[in-house]
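This briefing walks through one protein chain, with its sequence and structure shown below. Please keep the structure in view while reading the points that follow.

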Amino acid sequence: MGSKGSAAVDKVYDYLYKGILSGDIPLGSPIAELELGKALGLSRSPVREALKRMEGEGLVSHYLGRGTFVTDITVRDLEEIFELRIMFELHSLPLACMYMDDEILQELQNAFESLDENSDEQQYYDANRLLHSSIISYGGNLRLEKFYKMLDAQFAIVNRISARDPEHFDMSKEIHLNIVKAMRERNVERAQELLKEHLNQVKERTIHEYSKPLPAKMRAKQMRRAF
């Protein structure tokens, strides 16, 4: 596929990805290829390519004779996602503590210290992703990093669910700064303790928020959007 074709596929992917993460395209909703192509001014070919890519990442599911749907998430799915995430990050953390230099750790610390009441949600998500992806990349296991990246989109959706809790961002800033502090001190045991506590808290908060009915404003927004 040429550069134009790749750009068209990326356009579809980015559009759907942002819609799913924002909640504009609800989990479990159908995706009509023809309508989506028309909305973006594209043929069905790049739409299908983008959907295949998203299916490989677990973001959409295709059912023969029924069509393609945004993959819904169950409580069991959330438990499995966190089980893998905790396993991967705790395994990677000791080497990350050893090999992550002071410059990188300072960058991580700055990313969280710069967050305040004027920061938007995306700034929190970016700081969060920077820390957790850095732990994995400095863990030294390329295969583990590859599997982690395969789940990256699902992690992003999970982060949006946990963020429904109004206290999420304040708690997130504090615990992440404590993790970075322990890493700067090269205190592996303390860093692992904090990271495990953090991920388990996020798991419990995510499942709790996911089990609650959506706020009326969010439900109304979702009802207006379908492909």
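In what sense do strand β1 and strand β3 pair, and over how many bridges? Strand β1, which covers residues 30–31, and strand β3, which covers residues 67–70, pair in the antiparallel sense, and the pairing runs over two bridges. The model is a predicted one, and the points below take the chain as a whole before turning to its strands, its helix contacts and one buried residue in a helix.

**The chain as a whole**

- The secondary structure of the protein chain comes to eleven helices and three strands, and reading along the sequence gives the pattern α-β-α-α-β-β-α-α-α-α-α-α-α-α.
- The protein chain has 227 residues, of which 43% count as buried.
- Among the contacts in the protein chain with a separation of 6 or more, 76% are accounted for by residues that lie 24 or more positions apart.

**The strands and the surroundings of F69**

- Strand β2, made up of residues 60–63, pairs with β3 in the antiparallel sense over four bridges, and within this pairing V60 stands opposite V70, while H62 stands opposite T68.
- β2 and β3 form a hairpin in which three residues lie between the two strands, and G65, in the turn, has a positive phi of about 85°.
- On the side of β1, the bridge partner of P30 is F69, a residue whose place is in strand β3.
- Is F69 buried or exposed? With a relative accessible area of 16%, F69 is buried, because residues under 20% are counted in that class.
- Once the neighbours within four places in sequence are left aside, F69 is in contact with G28, S29, P30 and I31, and also with V60, S61 and Y63.
- The C-alpha atoms of F69 and G28 are separated by 5.8 Å, although the two residues are 41 residues apart along the chain.

**Helices α2 and α3**

- Helix α2 (residues 33–40) and helix α3 (residues 44–56) have axes that come within 9 Å and cross at roughly 115°, and the two helices are therefore roughly perpendicular to each other.
- The crossing in which α2 passes α3 is right-handed.
- On the α2 side the contact is made by E33, L34, L36 and G37, and on the α3 side by R44, V47, R48 and L51; by class, these residues comprise four nonpolar, one polar and three charged.

**Helix α7 and its two partners**

- Helix α4 (residues 75–99) packs with helix α7 (residues 142–150) at an angle of about 145°, and their axes are 11 Å apart; the crossing of these two helices is left-handed.
- Which residues of α4 and α7 meet? From α4 these are R85, F88, E89, H91 and S92, and from α7 they are L144, F147 and Y148.
- The residues of the contact of α4 with α7 divide into four nonpolar, two polar and two charged.
- Helix α6 (residues 121–137) also packs with α7, and here the axes come within 9 Å and cross at roughly 150°.
- How, then, are α6 and α7 oriented to each other? They are roughly antiparallel, because angles over 145 degrees are counted in that class.
- The contact of α6 with α7 is made by H132, I136 and S137 of α6 together with L144, E145 and Y148 of α7, and by class it has three nonpolar, two polar and one charged residues.
- L144 and Y148 of α7 therefore appear in the contact with α4 as well as in the contact with α6.

**Q154 in helix α8**

- Q154 has its place in helix α8, which covers residues 152–162.
- The relative accessible area of Q154 is 19%, and Q154 is buried, because the class takes in residues under 20%.
- Apart from neighbours within four places in sequence, Q154 is in contact with E57, G58 and I81.

Conventions. Residues are numbered from 1 along each chain as its sequence is written. This is a predicted model: local features need pLDDT of at least 70, side-chain atom pairs count only at pLDDT 80 or more; totals for chains, interfaces and linings use all residues. Side-chain values use heavy atoms; hydrogens and water are left out. Axes are lines fitted to C-alpha atoms, for helices over the stretch in contact, and angles run from 0 to 180 degrees between N-to-C directions. A crossing is left-handed if the near helix is turned anticlockwise from the far one by less than a right angle, and right-handed if clockwise. Contact means heavy atoms within 4.5 Å. Ala, Val, Leu, Ile, Met, Phe, Trp, Tyr, Cys and Pro count as nonpolar, Asp, Glu, Lys and Arg as charged, and the others, Gly among them, as polar. Angles under 35 degrees count as roughly parallel, over 145 as roughly antiparallel, 65 to 115 as roughly perpendicular and the rest as oblique. Buried means under 20% relative accessible area, exposed over 50%, partly exposed in between (1.4 Å probe, protein chains only). Two strands pair if DSSP finds at least two bridges between them.
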